Amino acid sequence: MIRTHPQLSGGSLRRLGALCRKETLQIVRDPSSNLIAFVLPIVMLFIFGYGINFDTSALKVGLVLEDISPEARHFAESLYGSPYLDVLTGSDRAAMGQALTEGRVRGFIVISPDFAEKLKRPGGEAPVLVITDGAEPNTANFVENYLKGAWELWHLQRAAEQGLPPKASVILEPRFWFNPTAESRHYLIPGSITIIMTVIGALLTSLVVAREWERGTMEALLASPVRRAELLLSKLLPYYALGIISLLICVGVAVFLLKVPFRGSVLVLWLIGSLFLGSALGMGLLLSTASRNQFNAAQAALNAAFLPAMILSGFIFEIRSMPAVIRGITYLIPARYFVTAMQTLFQAGNVWPVLIHSMIFLIVASGLFIGLTAVKTRRTLE
Amino acid sequence: MVYRILTLIIKELCALLQDRQGRMLLIGPVLLQLAVFPFAATLEVKNNTLGIFNEDGGSESVELLQRLSRAKAFTRVQHLHSDAEVRRAIDRQEALLVLRFPSEFSRNLAANRTVSIQAILDGRRSNSAQIALGYVRQILDSYLEDRQGWSATRTPEFVVRHWFNPNLEYVRHIIPSLVAIITTISTLVVTSLSIAREREQGTFDQLLVSPLTPGMIMVGKTIPALLVAAFQATIILTAGIFLYRIPFQGSVVLLYGSMFFYILALAGIGLLISSICSTQQQAFLGVFSFMMPAVLLSGFPSPVENMPLWLRHLDWLNPLQHFIIIVKGVFLKDAGFPVLLRALWPLILIAGMTLTAADWMFRRRLG
């Protein structure tokens with residue numbers, strides 16, 4: 001549909017400016033949008049930075065000593081010495097089981113009464129039993145790995161002390177690239193910026209536009225000589241500016257306060273951030289144009305933008321471990337690409353194959369959502 | 001008085017259920033999350049690519065490689081031939097983990113010398129990489145044990161049992177957490193957003209000029225929230241037991257009894273938010289600003305004990321954290337009342353605090 005408005009084209013830029021000004025004033029005057037654009041990102045970043053953490057400083061484990069032989073005590077000493085374990089000692093399995101149920105320990109190791117005896121026999125059988133709290137599966141994995149490590153280390157030391165011939169062993173030397181100390185916050189914080197951008201892009205926009213529809217001011221706007229492109233741009237540009245400012249604040253806080261290294265280029269960050277914001281804003285506009293009701297738009301934005309960004313973006317949960325159908329769905333979620341790009345930009349730097357792949361998808365997603373919104377807005381008028 | 005509150009409750013339920021979009025939003029997200037969460041929200045490590053840079057080529061490394069490629073953590077093995085290829089595989093996230101066998105690996109191992117394997121891990125996914133490394137270590141250990149047969153220096157067996165969840169299935173962690181999260185969302189939405197909507201549409205003034213007292217309005221808004229939240233929680237519990245086959249160990253009465261206090265605590269928060277806000281947008285943002293940290297710090301995404309001490313103290317005020325302990329305790333661990341009381345009394349205290357505060361704010365704004 002091509003229409004010509006010779007008398008309007010000259011004023012187009014001025015009109016756009018005026019609309020943007022109106023939108024900006026609305027943002028600045030509403031304390032709740034200020035809250036969401038400036039205060040919430042920082043609060044959220046700190047919550048992500050300190051609250052979500054997979055690195056246990058000291059695992060709470062129990063030790064049930066049913067044997068008091070020197071060997072058993074020697075092993076207990078080696079556990080007490082470990083900086084990774086916070087050991088609660090007892091002598092009663094039932095009481096320790098109760099502590100596990102209450103969550104006071106996340107696992108315990110039982111040294112049975114015949115520990116020393118079995119140990120002396122050649123090819124000794126199972127003198128230790130480890131029980132973990134399966135209600136916390138990730139922690140249970142770590143309890144198993146740490147206690148096993150402690151057990152093997154003790155054996156090696158004991159063999160050395162007794163002067164036994166060294167057996168062939170293989171040492172695994174882990175090297176964590178980009179993140180030598182394997183701190184989970186170094187990848188969680190860049191990922192969490194995606195969530196914050198989603199909140200600003202999709203949630204805030206969907207609420208604002210739905211409010212205009214609900215109150216009838218949107219109809220008033222559409223009745224004025226404003227063109228659809230100008231209308232869309234006037235909704236996009238101010239929130240885009242808001243989003244980019246928050247993005248910069250977030251990255252600044254992450255780098256300077258939370259000390260997450262940033263190895264990529266700021267220009268690329270701006271480019272990819274803009275593309276992601278385009279898709280998030282587009283989705284927010286689309287949802288609010290479709291529902292025209294704040295209550296429903298907010299719920300829809302929560303379910304269509306926020307939750308997928310949380311769950312399906314790979315920011316906390318592993319995409320590769322998901323079943324094929326859900327893995328397929330993740331390819332359609334813009335947040336997935338932004339999470340990958342942010343983690344790579346922060347930790348690995350400008351790895352072009354990864355970044356370009358993300359950019360292409362984000363361009364397509366932004367185009368799709370904004371285009372659909374344009375179609376939807378046009379239809380409703382005719 | 002009871003009759004008046006009852007009419008308000010009926011009106012609330014009608015408002016929630018009258019239009020199709022509203023009904024959809026009450027049940028749709030629950031079903032969606034029930035279908036997606038248990039499969040998606042997992043920290044298990046599966047289907048990854050293992051990179052191998054083998055500078056050895058002897059029989060020992062070949063045998064070890066065969067064992068590694070059978071692990072469920074790695075469905076694909078990528079053979080790499082140079083440092084540049086290793087760098088490329090890790091940089092582009094093609095492999096989570098690259099194992100580098102040094103030359104002379106097989107010969108040294110055969111001669112009973114200690115050898116080392118370099119494991120290069122993608123630090124962008126350090127949690128998964130660490131778990132994958134744990135699997136590699138297990139495979140390595142069992143290989144060495146089989147190789148040595150029964151000798152005097154063999155490390156004695158190490159038996160592990162996972163209580164409450166023998167196969168460490170993530171779904172047993174997720175369903176109880178989901179029960180708590182869904183009740184949180186629906187209670188807050190029903191209490192605070194519905195009042196904000198009435199405010200914005202002007203129907204709240206009509207409620208105020210009716211013979212209902214502010215206290216009665218609060219009760220009338222809380223009970224529908226209780227009904228909706230309990231209904232949604234029941235859907236998830238039923239699906240967890242029958243669809244996801246998680247055995248329900250504890251007492252249903254204890255679970256619903258604790259849920260009652262939990263929903264009260266949240267209704268207090270919802271009413272408090274709605275008494276401060278004058279528009280739906282503000283109420284929604286208020287709900288969001290509470291819910292987001294509450295869920296993130298609840299122990300669902302990562303354990304509470306990993307947080308720094310000051311945050312753990314602050315998190316004591318988070319009702320969701322206590323309620324997840326209760327749901328997990330009853331559902332998985334058959335925890336009795338004395339155990340649950342440790343998490344229940346903070347809930348009751350929080351409920352008392354939030355409801356009192358909401359009541360005070362309501363009267364102040366209306367008086």
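# Reading a two-chain model

Mentor: Start with helix α11 of chain A, which is mostly covered: 19 of its 26 residues are buried. Keep in mind that this is a predicted model.

Trainee: Which residues make up α11(A), and how far does the helix reach?

Mentor: Compare the end-to-end span with the span expected at 1.5 Å a residue. Here α11(A) runs over residues 266-291. From first C-alpha to last, the helix reaches 37 Å, close to the expected 38 Å.

Trainee: What follows α11(A)?

Mentor: A:Arg292 does, and its phi is positive, near 55°.

Trainee: Now the two chains. How many residues does each chain bring to the contact?

Mentor: Count each side on its own. Chain B gives 95 residues and chain A gives 89 residues.

Trainee: Which element gives the largest share of the side of chain B that touches chain A?

Mentor: Helix α6 of chain B, residues 126-148, supplies 13 residues.

Trainee: What classes of residue does that side of chain B have?

Mentor: The side of chain B facing chain A has 50 nonpolar residues, 27 polar and 18 charged.

Trainee: How do I read a sheet?

Mentor: Strands of a sheet pair through backbone hydrogen bonds, either parallel or antiparallel. So read the strand order, then the sense of each pair.

Trainee: What is the order in the open sheet of 5 strands?

Mentor: The order is β5(A)-β4(B)-β3(B)-β1(B)-β2(B), and the pairing is mixed. Two strands pair on one side only and form the edges: β5 of chain A and β2 (74-80) of chain B. From one strand to the next, the twist averages 25°.

Trainee: How many bridges join β5 of chain A to β4 of chain B, and do they run parallel or antiparallel?

Mentor: There are 8 bridges, and the strands run parallel. The β5(A) strand covers residues 170-177 and β4(B) covers residues 115-122. For one pair to find on screen, take A:Glu173, whose bridge partner in β4(B) is B:Gln118.

Trainee: And how does β3 of chain B join β4(B), parallel or antiparallel?

Mentor: Antiparallel, through 4 bridges; β3(B) spans residues 97-101. Look for B:Leu99, which stands opposite B:Ala119 in β4(B).

Trainee: Which strands does helix α4 of chain B lie across?

Mentor: Helix α4(B), residues 83-91, lies across β5 of chain A and across β1 (48-54), β2, β3 and β4 of chain B. The helix runs at about 145° to β2(B). Next, α6(B) also packs on the sheet, touching β5 of chain A plus β1, β3 and β4 of chain B. Its direction makes about 170° with that of β5(A).

Trainee: What does β4 of chain A pair with?

Mentor: Two partners appear here. With β3(A), residues 107-111, the sense is antiparallel over 5 bridges. With β5 of chain B, residues 158-163, the sense is parallel over 6 bridges. A:Ile111 stands opposite A:Val128 in the first case. A:Leu129 stands opposite B:Val159 in the second. As for cover, 5 of the 6 residues of β4(A), residues 128-133, are buried.

Trainee: Why does B:Ala41 count as buried?

Mentor: Count neighbours: a residue is buried if 20 or more other C-beta atoms lie within 10 Å of its own. B:Ala41 counts as buried because it has 23 C-beta neighbours inside 10 Å.

Trainee: Where does B:Ala41 lie, and what is it in contact with beyond its neighbours within four places in sequence?

Mentor: B:Ala41 sits in the loop between α2 (20-40) and β1 of chain B. Its contacts are A:Ile311, A:Phe317 and B:Ile174.

Trainee: Where does B:Asn47 lie, and is B:Asn47 buried or exposed?

Mentor: B:Asn47 lies in the loop between α2 and β1 of chain B. B:Asn47 is partly exposed, because 19 other C-beta atoms lie within 10 Å. Check the backbone too: B:Asn47 is not a glycine, yet its phi is positive, about 55°. B:Gln93, in the loop between α4 and β3 of chain B, has a positive phi near 60°.

Trainee: Last one. What does the domain assignment of chain B give?

Mentor: Domain 1 is 2-41 + 170-366, and domain 2 is 48-148. Their centres, taken over C-alpha atoms, are separated by 48 Å. In chain A, domain 1 is 17-52 + 183-379 and domain 2 is 59-161. The centres of these chain A domains are separated by 48 Å.

How values were computed:
Residues numbered from 1 in each chain as written. Chains lettered and ligands numbered in written order. Predicted model: local features only at pLDDT ≥ 70, side-chain atom pairs only at ≥ 80, totals over all residues. Contact = placed C-beta atoms within 7 Å. Nonpolar A, V, L, I, M, F, W, Y, C, P; charged D, E, K, R; others polar. Pairing = 2+ DSSP bridges. Domains from an automatic or database assignment. Axes fitted to C-alpha atoms, helices over the stretch in contact; angles between N-to-C directions. Expected span 1.5 Å × (residues − 1). Buried ≥ 20, exposed ≤ 12 C-beta atoms within 10 Å, placed from the backbone.
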